[in-house]
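Open the model in your viewer and keep the sequence panel visible. The stops below go from one selection to the next.

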Amino acid sequence: MMKLLKLEYYKNLNYRPFKVFTILYFAILIALLFIGLADLKLFGNPINLKEQGMYDFPGIWNFTTWTVALLKIFLGLIIVFSISQEFSNRMFKQNTIDGLSREEFIGSKLITITIFTVISTVLVFCITLFLGKSYSTVTDSEMVFKEIFFIGNYFVKLFSFFCFLMFLSILLRKSVFVFLAFFVIWVGEAVIGGIEAYSKLTGMQGAQRNEVLQNEFFFSKLFPLESMSSLIPNPMLRLNMAKMMGLKYEFTYPTESLIACLVWCAIFIIGSYWILKKRDW
Amino acid sequence: MEKVLSVKNLTKRFKRVVVNNISFDVERGNVYGLLGPNGSGKSTTFGMLLSTINPTSGDWFWFGKKGTDSETLKKIGAIIEQPNFYPYLSAETNLKIVAEIKGTPYSRINEVLQTVGLLERKKDTFKTFSLGMKQRLAIASSLLNNPEVLILDEPTNGLDPEGIIQIREIIGTIAKQGITIIIASHLLDEIEKICSHVIVLKDGNAIYSGAVDGMTSNHGYFELKADNNASLLKALEELQWFTSVKIDGETIKAHVRDDASISASGLNQKLAEKGIFLSHLAKKKQSLENQFLELVKNTH
């Protein structure tokens, strides 16, 4: 364990993309979390997210985790670059010859992924708590911790996302191909999801349509990127829904998405190992 | 002799057969040359023995243990094709990574850098090194764990004459320490200088495995010169000890027959009895290069 940690430390510490994206990540992350304090102009109307209740418990957990999760791509880039350079510099082969097993190689990358995820999660937790304590109109502890599961979901979301990128990097070995594949999968999931929704909803009206949306099971929900994104729904829905329908926003915990994510993680890790084992280097 | 490596019926098929059913043994303390033209399967063989390439069939045993696991690799030092290091890291940090993988103390790093003469450059990043320095760093890295076996795949490829000499001297020093070395090269004079045994590959087949001397049954040849080469030629032909006697410029080359064994002094005496006095006589062994070419040619 210490050995793998040291390896990753030496490999990454002086790696330029690592430095650049780490700095970018933290700079943008902190800026973004405090964005709600500033007065924004959206479609000509001044909007202050704080006054919209974004910093109120318990909704703030949803708001911050969703916002910060957008930045995961910066950490993702570090992972993609640092794994694909192992192959472009033939270092995976060299490490193997020196006596690093495939299990240890995957293990060392998973350690990096875990560290990134843990640091990011802890940071989001601390900042959210701070912002909430400072600006929330609700501060009784029941409300404060009511939706704290978003932090857990955030952890799972990031971890699955990074495992996904690790798998693509090991599969394709070139960062350009990884980005291309990622884009194709992203669009592909949306297209297939659209087709599924169309085929299930076609010819339906209002109430019937809503009922199908609520109760029917959509297979496209189980796709990797879709299940990751379902873990933390867009917080804007809360505001809009409440406004438009005058209803209280009901959030149902995305259990099937959580299970799907965990299954995907297992598939990506085992798949990565399998590729390293079966391919000739 | 203790067998360090034993290879049995090893085969690798990519789209065509690259390594075909080869078997050989490597004994402790010897220096082995793996010979063969480009594309004869040398690197693929090394790849399988070092666990980076999955074999199609066949087995091998390192130190009597089947296959290659991480523990075995820690007793082996290897340089494959080209020196591989993280280009953005210093020589020292690169070696720290290797030391970490092999479980070697960091104190060895300065020792091996000293051996290959790179101690002053240890803080410089790998990408600033010349090819010769990169290759020397690769040797340093392979020596880090005091290996029992050293595998070198084309260690002098692409180096300038000075670099070749440096690498050759380093390998010579290592060989004297009793480390078993398996070296692949197509520079035959290089192999000839350091190897006691050879394995010859051709189109994926091992066509010879054993001591350098036993590679061909050829007993070498004599180089002779006399004041009257014509009568010398006639006398040599009469002796029936040679497969061929040819004039080669100023000298005559007489190739010894397989079943004959004659010494230079014996030949000199015989010729003197016939009244021929030599101005030049030398018994020469066939060079490894000629033996190799002969062997490869014969298996067509």
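Begin where the two chains meet: this contact takes 23 residues from chain A and 22 residues from chain B. The model is a predicted one. On the chain A side, select α1 (2-13) and α5 (91-98), the elements of chain A that give two or more residues to the side touching chain B. Of these, α5(A) gives the most, with seven residues. Colour this side of chain A by class and you will find seven nonpolar, seven polar and nine charged residues.

Now hide chain A and show chain B as a cartoon. Chain B has 10 helices and 14 strands, and its C-alpha atoms fill a box of roughly 75 × 45 × 35 Å along the principal axes. Of its 300 residues, 40% count as buried. Among contacts in chain B between residues at least 6 apart in sequence, 68% join residues at least 24 apart.

Colour chain B by domain: domain 1 covers 3-211 and domain 2 covers 221-284. Taken over C-alpha atoms, the centres of domain 1 and domain 2 of chain B are separated by 44 Å.

**The mixed sheet**

Select the six strands of chain B that form an open sheet with mixed pairing, in the order β6-β7-β8-β3-β9-β10. At the edges stand β6 (76-79) and β10 (205-211) of chain B; each has a single partner strand, so one side of each is left without a neighbour in the sheet. On average, neighbouring strands here are turned by 10° against each other, direction ignored.

Within this sheet, pick out β3 (31-35) and β8 (180-184) of chain B, which pair in the parallel sense over four bridges. To see one of the bridges, show Tyr32(B) and its partner in β8(B), Ile182(B).

Next add helix α1 (42-49) of chain B, which packs on the sheet and touches β3, β7 (149-153), β8 and β9 (197-202) of chain B. The direction of α1(B) makes about 145° with that of β7(B). Then add helix α5 (131-143) of chain B, lying across β6 and β7 of chain B and running at about 165° to β6(B).

**A helix pair**

Keep α5(B) and add helix α6 (161-176) of chain B: their axes come within 10 Å and cross at roughly 10°. That crossing makes α5(B) roughly parallel to α6(B). Which residues of α5(B) meet α6(B)? Show Gly132(B), Gln135(B), Arg136(B) and Ile139(B) in α5(B), which meet Gly163(B), Gln166(B), Ile167(B) and Ile170(B) in α6(B). By class, this contact of α5(B) with α6(B) has three nonpolar, four polar and one charged residues.

**The antiparallel sheet**

Move on to the four strands of chain B that form an open sheet in the order β12-β13-β11-β14, with antiparallel pairing. Its edge strands are β12 (242-248) and β14 (278-284) of chain B, each pairing on one side only. From one strand to the next, the twist averages 15°.

Select β11 (221-226) and β13 (251-256) of chain B, paired in the antiparallel sense over four bridges. Here Glu223(B) has Lys253(B) in β13(B) as its bridge partner.

Two helices complete this stop. Helix α8 (229-239) of chain B packs on the sheet, touching β11, β12 and β13 of chain B, and its direction makes about 170° with that of β12(B). Helix α9 (264-273) of chain B also packs on the sheet, where it touches β11 and β14 of chain B; the direction of α9(B) makes about 150° with that of β14(B).

Key: Residues are numbered from 1 along each chain as its sequence is written. Chains are lettered from A and ligands numbered from 1 in the order in which they are written. This is a predicted model: local features need pLDDT of at least 70, side-chain atom pairs count only at pLDDT 80 or more; totals for chains, interfaces and linings use all residues. Two strands pair if DSSP finds at least two bridges between them. Axes are lines fitted to C-alpha atoms, for helices over the stretch in contact, and angles run from 0 to 180 degrees between N-to-C directions. Two residues are in contact if their C-beta atoms, placed from the backbone, lie within 7 Å. Domain bounds come from an automatic or database domain assignment. Ala, Val, Leu, Ile, Met, Phe, Trp, Tyr, Cys and Pro count as nonpolar, Asp, Glu, Lys and Arg as charged, and the others, Gly among them, as polar. Angles under 35 degrees count as roughly parallel, over 145 as roughly antiparallel, 65 to 115 as roughly perpendicular and the rest as oblique. A residue is buried if 20 or more other C-beta atoms lie within 10 Å of its own, exposed if 12 or fewer, and partly exposed in between; C-beta atoms are placed from the backbone.
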